[in-house]
Structure formats: C-alpha cells, structure tokens
Amino acid sequence: MKSTILYSILSCMALFTVGCSSSSDDTNTALPHKGAKTVLMQNVADNLPELQSVEKDSMWSVTDGVSVTEVKMVFRTYNTHMLIAEIDLTKGVTLTPSCADNAELPTKLQPLTEQMQALEKAGKTVYAGINGDFFGKGKDGYQSMNVFVKDGKVIKDTYTAGNEGMIIKLKNGDIRIVHPRFFKSYSADIQEAVGGFHALITDGEPNELLAVNDLTMKFDARTFVGLSQDNKKCYLFVVDGGQDDFSKGMRVEDAISICKYAGCHNAVNLDGGASSTFATKDSKGTINVLNKPSNGEQQPVFNGLVVIKKG
C-alpha cells in the first residue's frame, strides 16, 4: 500500500516537472517576433524560418535620416552579429565612394576609417560607411574588380565576368542599383559608382541563379547593400563572420533572404570576409568601427561606400 502511494506521488511530481518544462519552452518559442523589438527586425524574424531567435536588436540615430540597428541573433543555429544602417535619402543625406587618401586616381589600399577621414579633410561631412568592391592588383597598383566612378571621373569602366551589380549615383542625385552591363547607357548621367559582385535582388526578384561555389556557400562575414522600390531608402548591411562564439557569418543566399524581408527591391553583394567593415562617426566626431572584423582588426580595402551630408 505504501509503495503504491509513493509511486503515485512520484508520478505526479514527474508530470508536474514535464508540464513546467513544456510551459517554459512554449513561452520561449512564443515570444512575439522571436524576440525582435525593432520594426525592421520584426519583419525579418516573422518571415525568415532560418532565424531562430533575436537576442538583441537595438537602434539609434546617427543623424537625421541615418539610423543604425545592431542585431545579435541565432541564425541557422549559429550565433550571428549584424549591423544595418537605414538611410532615408530624402533627409539631406546621400552616398559617395571613398578610396585611399581620397585620391583622384587611387592605386593603393587603406582602412575604411582612414578613407572616411580623408573625405572629411576634403570638406565632406561623413556619418557612416561600409567597405566596397572586391579588388585585385594590376600593373599600376590595386584596382576594383568592377566599375568605379568618383567625383564624376571614370576610374574604371570595365568589370570582371560574374559581377552582377553596381551602386550608381546620377548627376541629379538619384541612387540606383543596376547591372554593370548598363554602365555605358547610364554613363553620361553617372556622377559616382561603386561596383559589387553577386546580384541579390533585382526588381523585387531574389536571385535564383546564384552560383554555387566556395565563395557563396561558405559561412563568412558579408557586406551588402539594398534599395527600396522607390529608391528613397538605402540599407547598408555588415554581418560578422569567422568567429563561431560571436558570429559565424552567413552564406550569400542568406543575405538574399535578409534583404528581401528588410524591404530591399534591389540589392547587391559587396566584398566580404576580412574586408567587411562597418563604421560610424560618434557625437564627438570620432569615426569608429562597430563590427568585429574577422582578422581581429579592420583590413585595408580599395574603396568604400560612405553616407555623407548632401550638398
């Protein structure tokens, strides 16, 4: 009789424990928007199954028209750290290329923050920036792999096969993302251009023909940029990678998904890996790197894409 009573008590305790555990799990999985607090990340979280949970998403303003969101999340079971700059191009800000020492004909590499400082010395008011195009070394020094136009001067008008996108600023100030094969048709109206590599989204359609290779399928640090359908809002993304405890990184197809649900109608992948850099200027006027580059410090790059005061 005593053993029967003891068995009943133990059974009830076990059921109670399981019930509590189940309730706790249900609470975790039922967090609204998987824990996301910002509108931007709520939309991404609600639509992207690969995003497991958002541990942190905090947003702050750099200046009127420029905000930054820092995200710590579990993506495809991996810790992932991402920074997103949202730029309202109707608010007196625009994009411009940067390069080493703001040279008319750049041939060397330089960390992004130094390139931004060179723009400031040239009279520009900078707010934020990311690294730009892939690059290589030619007979006359380093050069971008894609088209590059700065201050109305064409530095490079050719692109390497496989490059599928470039960010252009027209002489009227409008920003576009187009395929570099259209460079000649736009050339009379282009004031500036920074090339990219893979097309992520084109006219609202995700790239279904993305190459499958070591570059696209590797979990790595990523830099990419997108525009809204009306071309009035720009998004600059940097995902840290190569640091499993902090941020493993993403595949290129993951960047496509992030862009899609962030609201990009056109988007292009830029140089990633150790080159991935995200910097902003703080209230004291200091330009700081906000991400954690995979090599432990920011790497010299050929060019960048920088948010500046319009005018």
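Between which two strands does the loop with N231 lie? Keep that one in mind while you get your viewer ready, and remember that this is a predicted model.

**Stop 1: N231**

Select N231 and look at both sides of the loop. Strand 15 (222–227) is on one side and strand 16 (233–239) on the other, so to speak: N231 lies in the loop between them. Now check the backbone. N231 has a positive phi of about 60°, although it is not a glycine. For comparison, most residues other than glycine have a negative phi. N231 has 17% relative accessibility, and because buried means under 20%, it counts as buried.

**Stop 2: the eight-stranded sheet**

Stay with strands 15 and 16 and colour in their sheet. Eight strands make up this open sheet, in the order 1-2-3-16-15-17-13-14, and the pairing is antiparallel. Go to the edges next: strand 1 (51–63) and strand 14 (205–206) each have a single partner strand, so one side of each has no neighbour in the sheet.

Back in the sheet, pick strand 15 and strand 17 (residues 266–269). The two pair in the antiparallel sense over four bridges. For a spot to zoom in on, try V225, which stands opposite V268 in strand 17.

Two helices pack on this sheet. Show helix 2 first: it touches strand 1, strand 2 (66–75), strand 3 (78–88) and strand 16, and its direction makes about 155° with that of strand 1. Then show helix 6, which touches several strands, including strand 13 (199–202), strand 14 and strand 17. The direction of helix 6 makes about 30° with that of strand 13.

**Stop 3: where helix 2 meets helix 6**

Hide the strands and keep helix 2 (residues 39–47) and helix 6 (residues 252–262). At what angle do they pack? The angle is about 120°, and their axes are 8 Å apart. The two helices are therefore oblique to each other. Helix 2 passes helix 6 in a right-handed crossing.

Turn on side chains for the contact. From helix 2, select L40, N43, V44 and N47; they meet I258, Y261 and A262 in helix 6. The residues of this contact divide into five nonpolar, two polar and no charged.

**Stop 4: along helix 6**

Is helix 6 mostly covered or mostly open? Mostly covered: eight of its eleven residues are buried. Among the buried ones are V252, D254, C259 and Y261. Step just past the end of helix 6 and you reach G263, which takes a positive phi of about 110°.

**Stop 5: K34**

Now select K34, in the loop between helix 1 (2–29) and helix 2. K34 has a positive phi of about 60° although it is not a glycine. Is K34 buried or partly exposed? At 25% relative accessibility, K34 counts as partly exposed.

**Stop 6: the five-stranded sheet**

Finish with another open sheet. Five strands form it in the order 9-8-12-10-11, with antiparallel pairing. Strand 9 (153–156) and strand 11 (175–178) stand at the edges with a single partner strand each, so one side of each is left without a neighbour in the sheet. Neighbouring strands here are turned by 30° against each other on average, direction ignored.

For your last selection, take strand 10 (residues 166–170) and strand 11. They run antiparallel, and four bridges join them. Zoom in on K169 and you will find it opposite I175 in strand 11.

Terms used: Residues numbered from 1 in each chain as written. Predicted model: local features only at pLDDT ≥ 70, side-chain atom pairs only at ≥ 80, totals over all residues. Heavy atoms only, no water. Pairing = 2+ DSSP bridges. Axes fitted to C-alpha atoms, helices over the stretch in contact; angles between N-to-C directions. Parallel < 35°, antiparallel > 145°, perpendicular 65-115°, else oblique. Left-handed = near helix turned anticlockwise from the far one by under 90°. Contact = heavy atoms within 4.5 Å. Nonpolar A, V, L, I, M, F, W, Y, C, P; charged D, E, K, R; others polar. Buried < 20%, exposed > 50% of the residue type's maximum accessible area, 1.4 Å probe, protein only.
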